[in-house]
Amino acid sequence: SDTLTAGGVAPLPSLAGALGSVTAALSRAGNVQDACCCYYWALRLSDKVGADPPALVRRLGGALNQRGRLALVAGELRAAEASFRDAFTAFSHASDPVNAALVLVNHATVCRSRARSKQRARSACRSATLQALVAAGAAVLEEVPSAEEVEQLAEAARQQRRAVDAIRPLRGAQPSFYLASVRQLADD
């Protein structure tokens, strides 16, 4: 427990270790936001408690990435994108190119999801229009993607290319991740 001293609060002797076990339990319980907060405050206090800032930044990046993945699954694309951007910043700050590349892949997935959502909306609208045109005997033109769809697909390809470029120097250590990233880039 903390004790007050003349200079403020005396630090806990093993804050970094305690935070590691606490946030691991929080992440397993699905409370990733609390894990992010724990790492954030641990970083803010790291100089006072002797914690290892790069390790805390890397853990914060992992928690932010997990928060983004949960938001992506829930269909909350803005929240997912924001979390992935923050996670990328954390991993870049911690000089962790593999995890930074993984976050870029996740961000590309957000862009692909947006494009699919726009395509589904366009297709639904087109179906109703096609039925009316066919009923009227009019000619039917080929379906063309919207500018927003094309923009999101292009952004997905840009993020995927950044991921491939980031992981390329480490492809010997991460061959399956590298190959999967290159395959996805080719698909994009």
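# Exercises on salt bridges and burial

Arg 168 counts as partly exposed, at 31% relative accessibility. The model is predicted, and the exercises below work through its computed geometry.

## Exercise 1: the overall fold

State the number of helices and strands in the protein chain, and their order along the sequence.

Solution.

Step 1. The protein chain holds 7 helices and 2 strands.

Step 2. Along the sequence the pattern is β-β-α-α-α-α-α-α-α.

Step 3. Of the contacts with a separation of 6 or more, 54% join residues that are 24 or more positions apart.

Step 4. The protein chain has 188 residues, and 32% of them are buried. Its accessible surface is about 11,100 Å², with 58% belonging to carbon and sulfur atoms.

## Exercise 2: a helix and its span

Compare the end-to-end reach of helix H4 with the span expected at 1.5 Å a residue, then list the buried residues of H4.

Solution.

Step 1. Helix H4 covers residues 77–93, which gives 17 residues.

Step 2. The expected span is 1.5 Å times one less than the number of residues, and for H4 this comes to 24 Å.

Step 3. From its first C-alpha to its last, H4 reaches 24 Å, close to the expected value.

Step 4. The buried residues of H4 are Leu 77, Ala 80, Glu 81, Ser 83, Phe 84, Ala 87, Ala 90 and Phe 91.

Step 5. After H4 comes Ser 95, which has a positive phi, near 55°.

## Exercise 3: a salt bridge between two helices

Which residue does Arg 114 meet in a salt bridge, and are the two partners buried or exposed?

Solution.

Step 1. The partner is Glu 81, and the N to O distance between the side chains is 2.9 Å.

Step 2. Arg 114 belongs to helix H5 (residues 97–136) and Glu 81 to helix H4; at 33 residues apart, the pair links distant parts of the chain.

Step 3. Buried means under 20% relative accessible area. Arg 114 has 16% and therefore counts as buried. Glu 81 has 15%, so it is buried as well.

Step 4. Arg 85 joins Glu 81 and Arg 114 in a network of salt bridges.

## Exercise 4: a salt bridge within one helix

Find the salt-bridge partner of Arg 158, and give the separation of the two residues along helix H6.

Solution.

Step 1. Arg 158 forms a salt bridge with Glu 155, and the closest N and O atoms are 2.7 Å apart.

Step 2. Glu 155 is found in helix H6, residues 147–167. Because Arg 158 and Glu 155 are 3 residues apart in H6, about one helical turn separates them.

Step 3. An α-helix has 3.6 residues a turn, so residues three or four places apart point the same way.

Step 4. Arg 158 is partly exposed at 45% relative accessible area, whereas Glu 155 is buried at 19%.

Step 5. Leaving aside neighbours within four places in sequence, Glu 155 is in contact with His 107 and Cys 111.

## Exercise 5: a further salt bridge and the count

Identify the partner of Arg 168 in a salt bridge and state how many salt bridges are counted.

Solution.

Step 1. The side chains of Arg 168 and Asp 165 meet in a salt bridge, at 2.9 Å from N to O.

Step 2. Asp 165 counts as partly exposed, at 37% relative accessibility.

Step 3. The count comes to 5 salt bridges.

## Exercise 6: a buried asparagine

Where does Asn 65 lie, and which residues does it touch beyond four places in sequence?

Solution.

Step 1. Asn 65 lies in helix H3, residues 53–73.

Step 2. With 9% relative accessibility, Asn 65 counts as buried.

Step 3. Asn 65 touches Phe 84, Ala 87, Leu 102, Val 103 and Asn 106. Phe 84 and Ala 87 are among the buried residues of H4.

## Exercise 7: aromatic rings and charges

How many aromatic pairs are counted, and over which rings do Arg 162 and Arg 171 lie?

Solution.

Step 1. The count of aromatic pairs is 0.

Step 2. The charged end of Arg 162 sits over the ring of Phe 88, 5.0 Å from its centre.

Step 3. Arg 171 lies over the face of Tyr 178, and the distance to the ring centre is 5.9 Å.

## Exercise 8: a valine in helix H7

Give the exposure of Val 182 and its C-alpha distance to Val 164.

Solution.

Step 1. Val 182 is placed in helix H7, residues 175–187.

Step 2. Val 182 has a relative accessible area of 30%, so it is partly exposed.

Step 3. Val 182 and Val 164 are 18 residues apart in sequence, and their C-alpha atoms are 6.3 Å apart in space.

Conventions. Residues are numbered from 1 along each chain as its sequence is written. This is a predicted model: local features need pLDDT of at least 70, side-chain atom pairs count only at pLDDT 80 or more; totals for chains, interfaces and linings use all residues. Side-chain values use heavy atoms; hydrogens and water are left out. Buried means under 20% relative accessible area, exposed over 50%, partly exposed in between (1.4 Å probe, protein chains only). Contact means heavy atoms within 4.5 Å. Accessible areas come from the Shrake-Rupley method with a 1.4 Å probe; for residues, only the protein chains shown count as cover. A salt bridge is a side-chain nitrogen of Lys or Arg within 4 Å of a carboxyl oxygen of Asp or Glu. Rings of Phe, Tyr and Trp (its six-membered ring) pair if their centres lie within 6.5 Å; planes under 30 degrees apart count as stacked, over 60 as edge-to-face and the rest as tilted. A charge sits over a ring if NZ of Lys or CZ of Arg is within 6 Å of the ring centre and within 35 degrees of the ring normal.
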